[in-house]
Protein chains: 10
Amino acid sequence: MLFKVEMDVNVPQNIDPNEFEATKAKEKKYAEELQKSGKWRHLWRIVGQYKNISIFDVENSEELHNILMALPLYPYMTVRVEALCRHPSSIHEDDR
Amino acid sequence: MLFKVEMDVNVPQNIDPNEFEATKAKEKKYAEELQKSGKWRHLWRIVGQYKNISIFDVENSEELHNILMALPLYPYMTVRVEALCRHPSSIHEDDR
Amino acid sequence: MLFKVEMDVNVPQNIDPNEFEATKAKEKKYAEELQKSGKWRHLWRIVGQYKNISIFDVENSEELHNILMALPLYPYMTVRVEALCRHPSSIHEDDR
Amino acid sequence: MLFKVEMDVNVPQNIDPNEFEATKAKEKKYAEELQKSGKWRHLWRIVGQYKNISIFDVENSEELHNILMALPLYPYMTVRVEALCRHPSSIHEDDR
Amino acid sequence: MLFKVEMDVNVPQNIDPNEFEATKAKEKKYAEELQKSGKWRHLWRIVGQYKNISIFDVENSEELHNILMALPLYPYMTVRVEALCRHPSSIHEDDR
Amino acid sequence: MLFKVEMDVNVPQNIDPNEFEATKAKEKKYAEELQKSGKWRHLWRIVGQYKNISIFDVENSEELHNILMALPLYPYMTVRVEALCRHPSSIHEDDR
Amino acid sequence: MLFKVEMDVNVPQNIDPNEFEATKAKEKKYAEELQKSGKWRHLWRIVGQYKNISIFDVENSEELHNILMALPLYPYMTVRVEALCRHPSSIHEDDR
Amino acid sequence: MLFKVEMDVNVPQNIDPNEFEATKAKEKKYAEELQKSGKWRHLWRIVGQYKNISIFDVENSEELHNILMALPLYPYMTVRVEALCRHPSSIHEDDR
Amino acid sequence: MLFKVEMDVNVPQNIDPNEFEATKAKEKKYAEELQKSGKWRHLWRIVGQYKNISIFDVENSEELHNILMALPLYPYMTVRVEALCRHPSSIHEDDR
Amino acid sequence: MLFKVEMDVNVPQNIDPNEFEATKAKEKKYAEELQKSGKWRHLWRIVGQYKNISIFDVENSEELHNILMALPLYPYMTVRVEALCRHPSSIHEDDR
């Protein structure tokens with residue numbers, strides 16, 4: 001099942017830079033694993049923003065919720081979720 | 001170059017249904033051609049809405065503008081465009 | 001899978017009252033069938049508004065989309081959808 | 001009398017994690033008691049958010065106000081309340 | 001039980017003035033009866049607007065919903081409802 | 001002259017609880033005096049919020065401004081003011 | 001007593017131009033009379049908009065309400081009202 | 001050239017009160033000088049708010065920008081600027 | 001004096017296409033003349049929108065107002081104006 | 001390829017003034033270099049705001065993203081990006 005997720009990262013101004021870099025490294029590793037597993041299908045940067053737009057392909061809503069809650073940067077994020085489905089004009093059976 | 005486009009269709013309540021169906025058929029054909037050409041990479045329906053989220057891959061902004069202006073349903077749409085670029089945590093060189 | 005849906009009905013001022021009453025009767029019948037099938041779990045009126053809040057229990061996003069698109073009053077509705085999941089503090093395994 | 005309540009928890013970034021976990025444990029216990037008593041009828045998590053949607057069944061507005069003000073996490077919450085009533089198309093006399 | 005209700009009247013520009021005056025006269029009569037019964041406790045005009053702010057004292061949400069739906073001007077109104085309760089600093093047991 | 005005022009209290013999370021309780025006690029005393037004088041006609045709590053809706057009856061705008069600026073909790077409040085006048089459908093000469 | 005009023009005129013696209021010009025002429029005459037009487041102290045155009053910002057000096061809220069309701073263009077206006085008072089840093093006793 | 005400026009002062013809750021009073025005194029002196037020079041034509045308080053509405057009469061945009069940037073309270077302000085011009089229904093050649 | 005202007009064209013759905021094309025042709029001619037005169041310095045299309053962003057260089061606010069009011073497409077536009085001035089980091093004395 | 005960028009600088013109130021001045025000096029130097037290279041075509045101040053509007057001319061979205069992320073003041077900015085293209089009524093082949 002497909003979901004569009006937008007993640008907007010708000011870096012607190014008094015954060016310890018080393019600690020934040022370590023959290024970002026964990027986030028990157030976690031995102032790569034989820035992409036390899038096929039759960040996190042697409043990941044793009046929005047130009048000029050510390051913000052991404054992503055497409056997730058999960059078993060159900062609960063799985064998506066658990067994936068998002070485990071994002072190392074989640075405490076600094078504003079997250080928006082929208083459920084997607086196949087578009088009648090799409091030429092793909094399962095748009096990847 | 002990648003762009004995310006959201007198209008929200010507002011059907012006027014006094015429109016001639018036959019005419020509108022004809023316009024939708026043209027829209028579907030046009031969308032299929034653009035998908036086959038690789039310009040319109042992804043096309044998903046947002047659940048419960050007469051609205052899609054699309055990813056376009058075009059030469060430049062002008063090409064995207066011309067494609068959107070030629071959409072048969074454009075006069076009934078609210079359109080939002082955001083420029084995308086590769087995300088540093090993406091595992092793809094060119095996320096398709 | 002659970003979804004919260006809010007449906008806000010905007011009655012056009014120049015609509016034929018008989019035709020609108022007929023559409024409302026169809027809507028009522030359709031809503032009753034979906035409730036009996038268990039797909040449409042809850043349906044409440046928001047006080048002072050021509051608006052409901054509903055909980056749907058469907059196989060997946062596609063099923064919800066098809067149900068909503070077939071609502072006889074859909075052309076007059078503004079619809080908002082949010083995916084739900086079990087709350088860790090809920091005392092129910094499957095909150096009905 | 002039924003009310004829909006949405007509770008959005010904003011965790012302050014400089015909070016003591018142990019203290020916050022203790023407050024969450026109190027919140028969970030309080031929520032379970034209110035669910036058992038029938039006052040807090042439904043409790044769902046919104047996917048990807050530290051936010052719930054709840055249905056309360058109380059004697060009157062004052063009882064709801066007192067219940068909400070006593071939530072251990074109330075100081076960290078943004079709360080929205082809407083009064084509900086039976087929907088004419090509901091198949092239940094008292095939708096639970 | 002107390003509710004604050006704001007009613008904002010939007011007069012359609014192509015309405016028949018005689019018909020609208022007749023509807024307003026019905027509205028006035030209906031509002032006067034509800035005030036005399038004590039259900040509609042207060043009714044004030046907001047300066048410069050075709051909009052009122054009202055306080056209702058009803059048995060429950062359902063009664064308020066039925067009163068509002070029966071307003072002759074309801075089809076032209078945007079309505080906002082908020083449940084009220086006694087304020088701890090009020091000097092009245094039952095603020096009238 | 002009548003004004004509707006909405007006061008929304010935002011408690012800072014690092015405030016000294018004793019000091020805040022003292023300020024609230026002063027606020028309560030001040031509100032009671034203004035109610036007894038007839039300046040602060042009505043005071044209701046909005047359900048689920050640390051927010052009130054009030055009706056003031058003052059000589060002029062300046063008097064209202066001075067009353068509000070002297071509220072002990074003013075530094076923690078978001079305040080909205082709207083001027084009211086008699087509604088033509090009110091059954092009271094001077095709605096109290 | 002002073003009020004700031006912003007009036008935003010929305011010209012309906014199917015209005016009879018002669019009729020609208022006649023209404024505008026009445027509006028102009030009415031505005032000039034109120035300015036001469038001192039009730040309508042200031043009247044400025046906002047650049048690029050069919051919108052003005054005005055300062056009224058009236059006995060009370062009721063007088064302002066009656067003046068605004070009698071504006072010939074009122075049916076086409078969106079109006080916003082804010083009560084003003086003397087600023088402590090103003091060098092005028094009665095800022096005109 | 002005329003501009004309407006709205007200045008909304010947000011007092012930080014941890015500011016040193018003596019320092020803030022000193023800044024307010026400087027602001028008052030600066031505002032009085034600009035009023036005497038004719039640059040700051042009008043200055044009113046919005047009722048219930050720590051906010052003013054002002055009319056400036058300056059040579060050009062640059063002069064207004066420099067005046068506003070030099071306001072002692074500028075770091076605590078949210079500022080909105082709108083360019084004004086003579087209204088065709090004004091009875092004044094140069095509305096003061 | 002420089003102003004940024006954003007013009008958003010909303011084409012009414014029941015407009016006569018020939019008449020609208022004629023108005024667009026007049027708009028184009030008027031825009032070209034103003035560009036040649038140097039008053040309308042820049043004119044760009046926003047991608048995917050029937051909307052432009054423009055920079056005007058005019059004597060004063062009044063001149064800008066008169067230019068905008070005379071736009072043949074003005075009755076179909078939503079217009080936003082912001083006054084600009086030289087940026088201290090600009091490398092141009094007069095940014096063209 | 002052209003983009004409009006709006007940058008809104010929010011100075012934190014507890015920042016070290018010397019450090020901030022040093023960052024501003026770096027920003028100015030960086031902005032001047034980008035202007036000389038032709039990448040940052042236009043840079044204007046919005047009157048009364050610590051905010052600019054800029055036009056960038058870059059190879060593609062990725063180049064713009066990298067330029068913006070490297071702005072020394074980026075951590076204090078809210079940034080909005082919109083893709084532009086040539087306007088059919090522009091008299092310039094490549095509007096500079």
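Select chains A and B to begin: in this predicted model, the contact between them takes 31 residues from chain B and 31 residues from chain A. With the two chains shown as surfaces, the area that they bury between them comes to about 2,900 Å², and carbon and sulfur atoms account for 60% of it. On the chain B side, pick out Trp44(B), Arg45(B) and His87(B), which lose the most area to chain A and together make up 23% of what that side buries.

Next, keep both chains in view and turn to the polar features of this interface. There are two salt bridges between chain B and chain A, and one to display is that of Glu6(B) with Lys4(A), whose closest N and O atoms are 3.0 Å apart. The count of residue pairs in polar contact between chain B and chain A, with both residues at pLDDT 80 or more, is 16.

Which elements of chain B each supply at least two residues of the side that touches chain A? Colour strand 1 (2-9), helix 1 (17-36), strand 2 (40-46), strand 3 (51-57) and strand 4 (77-86) of chain B, since these are the elements that do so. Strand 2 of chain B gives the most to that side, with six residues. Sorted by class, the side of chain B that touches chain A holds 13 nonpolar, seven polar and eleven charged residues.

Now switch to a backbone view and follow strand 2 (residues 40-46) of chain A to strand 4 of chain B: three bridges join these strands, which run antiparallel. For a single pairing to centre on, select Trp44(A), whose bridge partner in strand 4 of chain B is Arg86(B).

To see how the two copies are arranged, superpose them: chain B can be laid on chain A with an RMSD of 0.0 Å by a turn of 180° and a shift of 0.0 Å along the axis. That is the relation of a two-fold axis, and in chain B the C-alpha nearest the axis belongs to Arg96(B), at 3.6 Å from it. Because 100% of the interface residues of chain B are also interface residues in chain A, the copies meet through the same surface.

Move on to chains F and H, where the contact takes twelve residues from chain F and seven residues from chain H. The area buried between chain F and chain H is about 640 Å², with 53% of it given by carbon and sulfur atoms. Zero salt bridges are found across this interface, whereas four residue pairs are in polar contact there, both residues of each pair being at pLDDT 80 or more.

On chain F, highlight helix 2 (61-69) and strand 4 (77-86), the elements that give two or more residues to the side touching chain H. Helix 2 of chain F gives the most to this side, with five residues. The residues on the side of chain F that touches chain H divide into nine nonpolar, two polar and one charged.

What turn lays chain F on chain H? A turn of 72° with a shift of 0.0 Å along the axis does so, at an RMSD of 0.0 Å. The two copies are thus related as by a five-fold rotation axis, and Asn14(F) has the C-alpha nearest the axis in chain F, 8.7 Å from it.

Finally, select chain I, together with chains D and F. No contact joins chain D and chain I, and their closest C-alpha atoms lie 30 Å apart; likewise, no contact joins chain F and chain I, whose closest C-alpha atoms are 26 Å apart.

How values were computed:
Residues are numbered from 1 along each chain as its sequence is written. Chains are lettered from A and ligands numbered from 1 in the order in which they are written. This is a predicted model: local features need pLDDT of at least 70, side-chain atom pairs count only at pLDDT 80 or more; totals for chains, interfaces and linings use all residues. Side-chain values use heavy atoms; hydrogens and water are left out. Copies are superposed by least squares on the C-alpha atoms of residues with pLDDT of at least 70 in both. Contact means heavy atoms within 4.5 Å. Buried area is the accessible area (1.4 Å probe) that two parts lose on being put together, summed over both. A salt bridge is a side-chain nitrogen of Lys or Arg within 4 Å of a carboxyl oxygen of Asp or Glu. A polar contact is a pair of N or O atoms within 3.5 Å; within protein, one must be able to donate a hydrogen and the other to accept it, and residues adjacent in sequence count only if both atoms are side-chain atoms. Helices (H or I, at least four residues) and strands (E, at least two) are DSSP runs, numbered from the N terminus. Ala, Val, Leu, Ile, Met, Phe, Trp, Tyr, Cys and Pro count as nonpolar, Asp, Glu, Lys and Arg as charged, and the others, Gly among them, as polar. Two strands pair if DSSP finds at least two bridges between them.
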